[in-house]
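Thanks for asking me to look this over. My notes follow as numbered points, with the structure first so you can keep it open as you read.

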Amino acid sequence: METFVFDGTLEGLLTAVFYCYQKKSEKVKVVSSAHFHPDVFHQHFTVVSEDDKAKRVWAGLRKKLDPGWMLNIYKAFLSEQPQAFQHLLDFARYIIDHEQGAETNFGNSDVLAISQLEHKVHREKHRMEAFIRFQKTGDDIFYAHIEPDFNVLPLLIKHFKNRYADQKWIIYDLKRKYGLFYDLEKVEEIVFDFTEEMSPSLNALPARLLDEKEELYTILWKDYFKNVNIPARKNMKLHIRHVPKRYWKYLSEKQG
Amino acid sequence: MYERIREKLGILADAAKYDVSCSSSGSNRKNENKGLGDAEGTGICHTYTEDGRCVSLLKVLLTNHCIFDCAFCVSRRSNDIKRAAFSVEEVVELTINFYRRNYIEGLFLSSGIFKNADYTMERLVRIVKKLRTEERFNGYIHLKTIPGASEELLKEAGMYADRMSINLEMPTEAGLKILAPEKSHEEVKKPLGFIQKSITQFSDEKALIKHVPKFVPAGQSTQIVIGATPDTDKEIMHTANAFYKNFSLKRVYYSGYIPISNDSRLPVIGSQPPLIRENRLYQADWLMRFYGFNVQEILNDAHPNLDVDVDPKLSWALRHLEQFPVDVNTADYRMILRVPGIGVTSALKIVQARKFGRLYKDHLKKIGISFNKARHFIRYGDSPMQLKEYEAGHIKGIILAESHSKYQKNPHNQLSLF
């Protein structure tokens with residue numbers, strides 16, 4: 001078995017698929033350089049990402065798969081799980097080597113793994129669409145930060161751009177240290193140097209930076225959340241299943 | 001500061017919460033005017049209350065003043081509670097500001113009846129009109145149809161709302177007559193029928209003309225209160241089925257009655273709401289809508305009530321062991337869907353995957369079926385030889401012993417003796 005080490009990007013992974021064919025490899029173990037521990041008994045091959053090689057593999061997959069499945073590949077990749085890279089490589093080879101329609105073979109462990117990874121990432125994306133709580137700042141920007149389990153920011157652009165077409169907004173991923181900024185025209189990637197007063201350890205912005213009405217709507221939202229509850233039906237187990245505790249930090253209605 | 005608006009929101013959200021619908025899906029309203037909001041596609045639950053219910057919409061009454069005296073309703077005329085009313089501007093501002101902060105998907109607006117039906121409906125329409133036209137709001141709007149309101153007002157409301165609903169309240173006309181003598185199922189059917197007819201008209205026009213305005217794109221729904229009257233599950237589900245068929249409803253909601261009144265016609269305050277029964281009714285509803293079951297198969301004269309200890313699909317299977325086992329490698333999709341422990345997603349995966357080769361236990365487990373439950377009803381590539389036929393009671397015993405019910409043995413408010 002050969003070991004391929006790639007740079008952790010989607011482009012790199014697709015380039016690795018290309019080399020599987022060029023080198024006529026049989027079983028290939030794929031590892032991202034971040035997870036790779038070299039050992040003296042095995043040789044490895046370092047994959048250098050190449051745009052045109054990656055594009056050829058992508059185009060090859062697109063001939064066999066519908067746009068939904070192409071998106072599934074991207075979503076599974078955004079899971080950033082080490083085992084996802086292996087499944088993606090094997091899945092790509094399985095699709096290329098077989099007749100059209102092979103992606104519906106849920107008896108194949110890679111097909112199943114991709115569809116399950118996709119499912120997890122999609123759920124996280126959906127959760128972010130639900131749990132993001134904007135605060136309006138003094139300069140009319142709606143700001144929120146999050147720490148999603150997977151790298152879902154790229155998947156959120158369309159949703160928030162369509163929805164909040166007439167307001168400026170920022171969504172910042174504290175874990176991966178980058179964010180999205182919509183300026184009423186387009187969405188751009190941004191990186192902050194956090195100052196002390198806007199520290200990532202705070203779950204909200206300090207009052208000084210906020211719009212004067214922000215406090216009112218936070219209070220009204222908390223009031224509303226309390227008032228729609230029916231105590232006779234209390235079911236904390238279900239509550240926590242729907243709103244896992246790790247997300248509470250950024251939900252204004254769950255703050256004391 | 002803020003006390004007045006906080007008090008109003010408190011009263012009017014509290015009074016609206018017994019309407020359980022919180023769906024924000026099924027519309028096709030896109031943000032095409034670079035305005036605020038987008039109600040296309042699947043709904044979003046922005047948070048969940050501590051009772052585990054989804055919060056998707058700002059659900060409020062315009063007012064809880066009401067001229068009616070329905071025994072099951074908190075806002076009934078004779079109930080001694082604080083009353084309040086929002087102004088049109090207040091509802092609009094709350095909706096817009098909650099929406100901009102990503103708290104909600106839109107507005108669910110209902111109201112007590114003050115003065116008369118038209119007067120109330122006219123106020124509701126004014127709010128949604130302002131949201132759509134002045135604020136260019138494209139979020140989801142669920143608007144209550146006020147029984148007895150004029151057809152002109154309903155038609156105007158339908159131009160702005162995504163969903164409209166009107167509640168049947170009690171499963172049977174007789175039950176409704178006892179608790180709300182001023183109301184009838186007839187006056188619910190009339191506006192339901194009118195709006196349904198208008199929806200069809202608009203979609204017919206759409207086939208001919210390109211730009212037809214939207215009219216209630218997410219359809220209509222209704223709600224039935226469970227456990228306030230002695231109706232059987234059969235009566236409830238047959239009523240629901242008739243309304244699904246006759247009025248093309250998108251949803252029927254079942255709301256377990258929460259005792260809020262000392263009226264002798266109703267369960268006493270403090271008694272446990274019928275949560276398990278409510279859950280079983282929703283399961284039966286799903287079987288009708290997504291699993292190809294006929295209401296007669298689930299509930300009939302021989303079985304007028306759903307089992308409490310097992311779900312209705314398992315219950316049906318145990319009553320019809322002659323139709324099992326089902327071979328997952330050969331059976332129709334329709335029959336695979338009827339196996340307890342196999343849902344729609346898994347059933348679809350099974351029929352796709354088996355084209356590539358026989359399916360074994362391992363495949364089925366990975367696909368995600370509830371294998372321990374399903375194994376009594378299926379055959380697969382490596383299923384063990386079955387030496388004897390088990391009888392229904394025995395299978396039920398095994399399944400119950402292996403599973404952990406999500407319901408506690410004793411209700412929360414019942415003290416145990418030891």
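How much area do domain 1 of chain B and domain 2 of chain B bury between them, and what percentage of it is on carbon and sulfur atoms?

1. The domains of chain B. Please keep in mind that this is a predicted model. The area buried between domain 1 of chain B and domain 2 of chain B is about 830 Å², with 63% of it on carbon and sulfur atoms. Three residues of domain 1, namely Tyr291(B), Phe293(B) and Glu297(B), account for 61% of what that domain buries against domain 2, more than any other three residues. The assignment itself puts domain 1 of chain B at 3-298 and domain 2 at 312-402. Their C-alpha centres are separated by 38 Å, and the contact joins 10 residues of domain 1 to 9 residues of domain 2.

2. Polar links in that interface. Between the two domains of chain B there is 1 salt bridge. Arg338(B) and Glu297(B) form a salt bridge through their side chains, at 2.8 Å from N to O. Glu297(B) is thus worth selecting in your viewer, as it also appears among the three residues that supply 61% of the area buried by domain 1. The count of residue pairs in polar contact between these domains is 2, with both residues at pLDDT 80 or more.

3. What domain 1 of chain B brings to the contact. Two elements give two or more residues to its side: helix H8 (275-290) and helix H9 (295-298) of chain B. H8(B) has the largest share, with 5 residues. Sorted by class, this side holds 6 nonpolar, 2 polar and 2 charged residues.

4. The annotated region of chain B. UniProt, in an unreviewed entry, places the feature "domain: Radical SAM core" at residues 61-190 of chain B. Over that stretch the model is 41% helix and 11% strand, and the C-alpha atoms at its two ends are 23 Å apart. A local detail to look at is the pair Lys189(B) and Glu186(B), whose side chains meet in a salt bridge at 3.7 Å from N to O. Both residues belong to helix H6 (residues 186-208) of chain B, where they are 3 residues apart, about one turn of the helix.

5. The interface between the chains. How many residues does each chain give to the contact? Chain A gives 61 residues and chain B gives 55. Together the chains bury about 5,300 Å², 56% of it on carbon and sulfur atoms. On the chain A side, Arg163(A), Tyr224(A) and Arg233(A) supply 16% of the area buried against chain B, more than any other three residues.

6. Salt bridges and polar contacts between the chains. There are 6 salt bridges between chain A and chain B, while the search of the whole structure gives 40 over all chains. One to display is the pair Glu105(B) and Arg163(A), with the closest N and O atoms 2.6 Å apart. The polar contacts between the chains come to 33 residue pairs, both residues at pLDDT 80 or more.

7. The chain A side of that interface. Four helices of chain A each supply at least two residues: H5 (109-131), H6 (153-163), H7 (214-227) and H8 (236-242). The largest share, 12 residues, is that of H7(A). The residues on this side fall into 28 nonpolar, 18 polar and 15 charged.

8. The domains of chain A. Here the assignment gives domain 1 as 2-124 and domain 2 as 132-254. The C-alpha centres lie 33 Å apart, and each domain contributes 9 residues to the contact. About 830 Å² is buried between them, of which carbon and sulfur atoms give 63%. Leu78(A), Glu80(A) and Glu124(A) supply 63% of the area that domain 1 buries here, more than any other three residues.

9. Polar links between the domains of chain A. This interface has 1 salt bridge. Arg176(A) and Glu80(A) form a salt bridge, with their closest N and O atoms 3.1 Å apart. There are 4 residue pairs in polar contact across the interface, both residues at pLDDT 80 or more. On the domain 1 side, helix H3 (67-78) and H5 of chain A are the elements giving two or more residues, and the classes are 3 nonpolar, 2 polar and 4 charged.

Definitions and conventions: Residues are numbered from 1 along each chain as its sequence is written. Chains are lettered from A and ligands numbered from 1 in the order in which they are written. This is a predicted model: local features need pLDDT of at least 70, side-chain atom pairs count only at pLDDT 80 or more; totals for chains, interfaces and linings use all residues. Side-chain values use heavy atoms; hydrogens and water are left out. Domain bounds come from an automatic or database domain assignment. Contact means heavy atoms within 4.5 Å. Buried area is the accessible area (1.4 Å probe) that two parts lose on being put together, summed over both. A salt bridge is a side-chain nitrogen of Lys or Arg within 4 Å of a carboxyl oxygen of Asp or Glu. A polar contact is a pair of N or O atoms within 3.5 Å; within protein, one must be able to donate a hydrogen and the other to accept it, and residues adjacent in sequence count only if both atoms are side-chain atoms. Ala, Val, Leu, Ile, Met, Phe, Trp, Tyr, Cys and Pro count as nonpolar, Asp, Glu, Lys and Arg as charged, and the others, Gly among them, as polar. UniProt positions are given in the numbering used here, feature names are shortened, and annotations may be inferred rather than shown by experiment.
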